[in-house]
Amino acid sequence: MAAHIDLAYLERLYKGDRSRMEHWVRVYLEDAPSLYDRLVSSVQRGDTQGLTTTVHDLRPLAHYLGAQGLLDLLVRVGQEAHAKGAAGCYPAVAEIVALGESIKAELVSAFGPG
C-alpha cells in the first residue's frame with residue numbers, strides 16, 4: 001500500500017509531540033467523513049459554492065497530516081470547480097473520497113482508531 005501521509009512530516013511539524021499528532025489524527029477521523037459527504041453532495045447538486053467551500057475546509061486537514069497528494073487534489077478540484085462548475089468535478093471528487101479512505105486506513109494503522 002502506498003503511503004498517503006508523511007509521518008516524518010508529522011514528526012517535524014509537531015516536534016515529536018505524539019499527543020499533538022494524535023489530536024490532528026482524531027480531528028481528521030472525526031471531521032473528514034462528513035466533509036467528504038458534503039463534497040459528493042455538492043457535486044450531485046451542482047453546487048459549485050458548496051464544493052469550493054468544502055474543498056477549502058478540507059485543506060487544513062490534509063496539510064496538518066502531511067497528506068500532500070490529497071492537498072494537491074483539493075487544490076485541483078477548487079480550480080476545476082471555478083472553471084467547469086461542480087458537475088465537471090465528479091471524477092476528481094470520487095478520487096478524493098477514495099484517497100480519503102486510504103488515508104483513514106493509514107492513520108488507524110499508525111495511531112489506532114482514535
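Colleague: Let's start with one residue: is Thr54 buried or exposed, and what is its relative accessible area?

Modeller: This is a predicted model, in which local features need pLDDT of at least 70, side-chain atom pairs count only at pLDDT 80 or more, and totals for chains, interfaces and linings use all residues. Residues are numbered from 1 along each chain as its sequence is written, and side-chain values use heavy atoms, with hydrogens and water left out. Buried means under 20% relative accessible area, exposed means over 50%, and partly exposed is in between (1.4 Å probe, protein chains only). Thr54 is buried, and its relative accessible area is 1%.

Colleague: Which residue's backbone oxygen does the side chain of Thr54 reach?

Modeller: Thr54 lies in helix 3, where helices (H or I, at least four residues) and strands (E, at least two) are DSSP runs numbered from the N terminus. A polar contact is a pair of N or O atoms within 3.5 Å; within protein, one must be able to donate a hydrogen and the other to accept it, and residues adjacent in sequence count only if both atoms are side-chain atoms. At 2.8 Å, the side chain of Thr54 reaches the backbone oxygen of Gly50.

Colleague: And which residue's backbone oxygen lies 3.1 Å from a polar atom of the side chain of Thr52?

Modeller: Thr52 is found in helix 3 and counts as buried at 14% relative accessibility. Leaving out residues up to four places away in sequence, Thr52 touches Gly78, Ala81 and His82, where a contact means heavy atoms within 4.5 Å. The backbone oxygen at 3.1 Å from its side chain belongs to Gln49.

Colleague: What distance separates the C-alpha atoms of Tyr36 and Thr54?

Modeller: Tyr36 sits in helix 2 and is buried, with a relative accessible area of 6%. Along the chain, Tyr36 and Thr54 are 18 residues apart. Their C-alpha atoms are separated by 8.2 Å.

Colleague: How many degrees lie between the planes of Trp24 and Tyr64?

Modeller: Rings of Phe, Tyr and Trp (its six-membered ring) pair if their centres lie within 6.5 Å; planes under 30 degrees apart count as stacked, over 60 as edge-to-face and the rest as tilted. The count comes to two aromatic pairs. Trp24 and Tyr64 form a stacked pair, with centres 4.5 Å apart and an angle between the planes of 25 degrees.

Colleague: How many residues apart in sequence are the parts that this pair ties together?

Modeller: Trp24 is partly exposed, with a relative accessible area of 23%, and Tyr64 is also partly exposed, at 29%. Trp24 lies in helix 2 and Tyr64 in helix 3, so the pair ties together parts whose separation in sequence is 40 residues.

Colleague: Which two residues form the edge-to-face pair?

Modeller: This pair has 6.4 Å centre to centre and 70 degrees between the planes. Both of its residues are buried. They are Tyr28 and Tyr36.

Colleague: Which helix gives the most residues to the largest nonpolar core?

Modeller: A nonpolar core is a set of buried Ala, Val, Leu, Ile, Met, Phe, Trp, Tyr and Cys residues joined through side-chain atoms within 4.5 Å. The largest one has 35 residues, and those with the most contacts inside it are Tyr28, Leu51, Leu70 and Ile103. Helices 2, 3, 4 and 5 each give two or more residues to this core. The one that gives the most, with 10 residues, is helix 2.

Colleague: Within what arc do the buried residues of helix 5 fall?

Modeller: The buried residues of helix 5 include Ile96, Leu99 and Ile103, and these three are also among the residues that Leu70 touches, not counting those up to four places away in sequence. The arc is that of the directions from the helix axis to the C-beta atoms. Seen down the axis, the buried residues line one face of helix 5, because they fall within an arc of 130 degrees.

Colleague: Which residues are exposed on the other side of helix 5?

Modeller: The buried residues of helix 5 are covered by elements including helix 1, helix 2, helix 3 and helix 4. On the other side, the exposed residues are Pro91 and Ser109.

Colleague: Which residue has a positive phi of about 50 degrees although it is not a glycine?

Modeller: Most residues other than glycine have a negative phi. The exception here is in the loop between helix 1 and helix 2 and counts as exposed, at 74% relative accessibility. With its positive phi of about 50 degrees, the residue is Lys15.
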